[in-house]
2 protein chains.
Amino acid sequence: MDAAQEAQKREAFRQAVVNTLERRLFYISSFKIYRGVAGLYDYGPPGCAVKANVLAFWRQHFVLEENMLEVDCPCVTPEVVLKASGHVEKFTDLMVKDEKTGTCYRADHLLKDYCKEKLEKDTNLSAEKTAELKHVLAMLDDFSAEELGAKIKGYGITAPDTKNALSDPYPFNLMFQTSIGPSGISPGYMRPETAQGIFVNFKDLYYYNGNKLPFAAAQIGQAFRNEISPRQGLLRVREFTLAEIEHFVDPDDKSHPKFSEVSKLEFLMFPREDQVSGRQARRIPIGEAVSQGIVNNETLGYFIGRVYLFLSQLGIDKDRLRFRQHLANEMAHYAADCWDAEIECSYGWIECVGIADRSAYDLRAHTDKSGVALVAQEKFSEPREVEKLIITPVKKELGLAFKGNQKMVVEALEAMGEKEAMGMKADLEVKGEAEFHVCTLDKVVTIKKNMVSISKEIKKEHQRVFTPSVIEPSFGIGRIIYCLYEHSFYTRANKDGDEQLNVFRFPPLVAPIKCTVFPLVQNQQYEEVAKKIAKSLTAVGISYKIDITGTSIGKRYARTDELGVPLAITVDSTTSVTVRERDSKQQIRVNVDEVASLVKSVTDGVSTWNDILWKYPTHSS
Amino acid sequence: MDAAQEAQKREAFRQAVVNTLERRLFYISSFKIYRGVAGLYDYGPPGCAVKANVLAFWRQHFVLEENMLEVDCPCVTPEVVLKASGHVEKFTDLMVKDEKTGTCYRADHLLKDYCKEKLEKDTNLSAEKTAELKHVLAMLDDFSAEELGAKIKGYGITAPDTKNALSDPYPFNLMFQTSIGPSGISPGYMRPETAQGIFVNFKDLYYYNGNKLPFAAAQIGQAFRNEISPRQGLLRVREFTLAEIEHFVDPDDKSHPKFSEVSKLEFLMFPREDQVSGRQARRIPIGEAVSQGIVNNETLGYFIGRVYLFLSQLGIDKDRLRFRQHLANEMAHYAADCWDAEIECSYGWIECVGIADRSAYDLRAHTDKSGVALVAQEKFSEPREVEKLIITPVKKELGLAFKGNQKMVVEALEAMGEKEAMGMKADLEVKGEAEFHVCTLDKVVTIKKNMVSISKEIKKEHQRVFTPSVIEPSFGIGRIIYCLYEHSFYTRANKDGDEQLNVFRFPPLVAPIKCTVFPLVQNQQYEEVAKKIAKSLTAVGISYKIDITGTSIGKRYARTDELGVPLAITVDSTTSVTVRERDSKQQIRVNVDEVASLVKSVTDGVSTWNDILWKYPTHSS
């Protein structure tokens, strides 16, 4: 199969999945009767149930099993918080406008589409040109506005809908802006992530945890991104559910007490080195990845392992799940290491979970902006002698030499790290002066011996005060669910072989409804039995659906398979019933009184269907 | 105790509750390190767990037990939807501004505060003046902007903080406004309620339900109201969680098949008549309230009963819960009947759940605005003969007579109800012409006999097409939780009698943590046992907290009582442990291997503590 055929096949598969999802109301285009809004989707009843199941499992797997501190913060966020986090300044995409109609496009998308189409369809492309276009695609995320603009002009790219000329690219902030209170003078935004709500609460949460590290806080909630032109269906939306963990840890000790529980897990990893040298993702035990230094530390490794367990238990295909390390140019300057859990679907490899060691960046940013120290203390059992760097600027001399700039020079001197300070000390002792770059003035000044004293002193300290590092696993719940839909979907022929039927092979954990109850024919006796079973299912907390339509049992099975319901109970006598498993289509006979507990034991994962098969007579329909 | 002492006692009680809630991080003022934002609160770890428990129980009690269709729609909502619902035009509060500083106040709040203070503190008030102020308080919700302004001026009310003069009252829309997409030309709002997301999906949901009525859809999610000046702590906030049900029903048949299950329930009801005539709320069986016509219909009554069960099972005190019927002036013009579940707390009687029969209003509004018919069909088993009104405007004659206004006259004629049309028919027959008021022209025109034919015909109809009525129970989850905190809180003396200790008597269903595990002293043996118990608790899905600090066991009990943890397990041997119940402080001895299942059976409600007491030896510490 060539690339074009592959693409066609993927497209057809996606259409089949999406048609089923839409027809059965797994999701609905929001505000459809008003022609909808791009990038906004509703979850209909089965989608809503799947989402609730995924979130309940997330809470069990992460919050409960790891004793995390869950919080729930508002979506409306005042500007000051998002200025500190950098979102007001930097949370932008580059946009171009159709110069006549004003329609907006993401600049990188247009360039990407152009390159991809050329590469796919232009058969006369020279080797040189091909290499150039591939290079552009690889560099897409690194281009500045000017570079993007130059490429767009250079290739003669125009507005896709009208072929009109395009404006130069300019940044568009992706946050939904609003105003808090009636005065109109307090700008706010709908949060673009849930993490900031945790960071600003660090002090209280640290106290709640008995002033002990490490600990993790978690939050599930809505986040908002005012995408320029959303596409890729459920994968790029303007409002979505995030589940985020912020694990706070001593930067000097990123070991994890439970690492041994995951270290033997083996799954597809795609380290930076392998990507750069054109190799494929490969299976590496996570223990090895940490010990070889591929993954920066145990805590990061532990979470990668836990994320793997979470996704695979949900039903994500292990062969289409990989952990890809960020390239140096992808990673924020402050990050120590970053891995994305990527899931392969018809749109390609999609980032669904980001697992980043963000070092002390976030807590420092909020400490600086708020003036409240977001730090941890380690009390020493006995005082320790610590060598301390002491930098004492002589303000009088600096004032004489630098006048109005004195303050900035003083601050720059005080901010020197150990290496720089000791270098200056040596220069001052040898040459009597030293060249010194003052960032805030953006120039090099000359510091004389009488302007600063630099020394090291031994001090007794009773505790160490430090800003914790934060390891952040961040889950895009909607993306995970969409990939799960694709990985769970298959079709099979009906009995007569003249029609393809759709099935979602959801594990019981995820299935929107755990079982259906079908009275075989419409009569009061069977309906009474169905109601009795329904009551016993409710009592044990199992969600079910009764279908009392007179439709043929085959059609009712087909309908329920399409919702991914694992078990169907057909009431065909008043004492015992037929239970049918979705994927094998095997059927067994079970007493009416036993059926609820049987369904519960299978859907809770206490028994497998195979365990059950041994115990009950099979039934052939 | 006089009114002032009562007020003081209430205030002191509230302070004790709120202090405990804040200290134990049930909630946190959002963005505290940046001095917070009025009306925004975070749920900290125990608050978050309580909220998750309340929502899980809501889902079980309403969505699962009633087979409702749950949906999950975005918060960001395009303007057109909220224009149709009336929110853009009417979702306002009246505001006044300090004329010098620009500070904003809710006009009715200032007037209310003024009247209340006068009534409480002015001892020289004449009987006449007292009656006047009481009347103002009663009428507060009915005043127009002009009336409110006149009262504020008349009483000489000034800005509370500065004593500056105030502006005239003017309406302020309470929705957070934003803009969807990058163009700036698509206004949107953060939804003020979740209901609209359900209404716009009516067609799909009706289809999903097999085109059958009645059915209910439900949604849990965030809603937003940009309050002018939030007060009353957690009761009036700018972002909150709503849980809403829209039960769609045939307007000609509002019976409910399960009404008999609730009809015997008896609780405090406060019908309109009793309020108007100054009587007290009284206990009425809901069955009687419906049969006597106090409650409009069975479906409304059924939901009132279900709401009562929901709130009382959560731990709301039945004696401080009442269902108050809206007065005629409180109710929207389209509503058939409306009852609020009000809970009494230190702020007075607080509306926590609204249960309204909104008739066909919402579906009609969206039908009109979107042009998509949100209707239901009832197929007749055999065709029925129906008398139908036929109005046929003669466009040619109308065009000659009304020229450019022809279209509006035609539409007005076609829209006539039966009574009006038959009146016109009679006039035309007798007088040859009829006066006719055309709303859209705002004038009366003369219709001649040749301009319209009006008749009644007998037609055979195969189905009936109608707009369903909607019964809407709408739950303010944050308000319910706050009242639950107050109703669950009490203090008791410690052993030495020198200190008051705080306790939340949460039912296990609600408790943020189901049990704590305390190794009696710090040693490895006991900690191993504690870990073993922890593991078995996780296995049965019970949330717990281990406290291995060396603090005295009494202090640890006090800490855990303050979080409302029902059971504490003290590890004081390697084979058996002490289990202590929070409210009775009774203790029993249980084998290590049995303790997890015992805790589960109590917290799941399978056994009560009293059942358990019989089976195990008691222990006195």
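**Figure 1. Salt bridges and polar contacts between chain A and chain B of the predicted model.** Between chain A and chain B there are 4 salt bridges, a salt bridge being a side-chain nitrogen of Lys or Arg within 4 Å of a carboxyl oxygen of Asp or Glu. One such link is formed by the side chains of A:Lys32 and B:Asp204, with an N to O distance of 2.7 Å. The two chains also share 20 residue pairs in polar contact, both residues being at pLDDT 80 or more; a polar contact is a pair of N or O atoms within 3.5 Å, where within protein one must be able to donate a hydrogen and the other to accept it, and residues adjacent in sequence count only if both atoms are side-chain atoms. On the side of chain A that touches chain B, helix α2 (residues 45-64) gives the most, with 8 residues; helices (H or I, at least four residues) and strands (E, at least two) are DSSP runs, numbered from the N terminus.

This is a predicted model in which residues are numbered from 1 along each chain as its sequence is written, chains are lettered from A and ligands numbered from 1 in the order in which they are written, and side-chain values use heavy atoms, with hydrogens and water left out. Local features need pLDDT of at least 70 and side-chain atom pairs count only at pLDDT 80 or more, whereas totals for chains, interfaces and linings use all residues.

**Figure 2. Buried area between the chains.** Chain A and chain B bury about 6000 Å² between them, 65% of it on carbon and sulfur atoms, where buried area is the accessible area (1.4 Å probe) that two parts lose on being put together, summed over both. Of the area that chain A buries against chain B, A:Ile33, A:Tyr34 and A:Tyr208 supply 13%, more than any other three residues. For the complex, the predictor gives an ipTM of 0.88 and a pTM of 0.89.

**Figure 3. A salt bridge within chain A.** The closest N and O atoms of A:Asp337 and A:Arg272 are 3.7 Å apart, and the two residues form a salt bridge. Because A:Asp337 lies in strand β15 (residues 337-345) and A:Arg272 in helix α10 (residues 272-276) of chain A, the pair ties together parts that are 65 residues apart in sequence.

**Figure 4. Backbone details in loops.** A cis peptide bond, with omega about -10°, joins A:Leu213 and A:Pro214, and A:Pro214 is placed in the loop between α9 (202-208) and β10 (215-224) of chain A. In chain B, a cis peptide bond joins B:Leu213 and B:Pro214, with omega about -10°.
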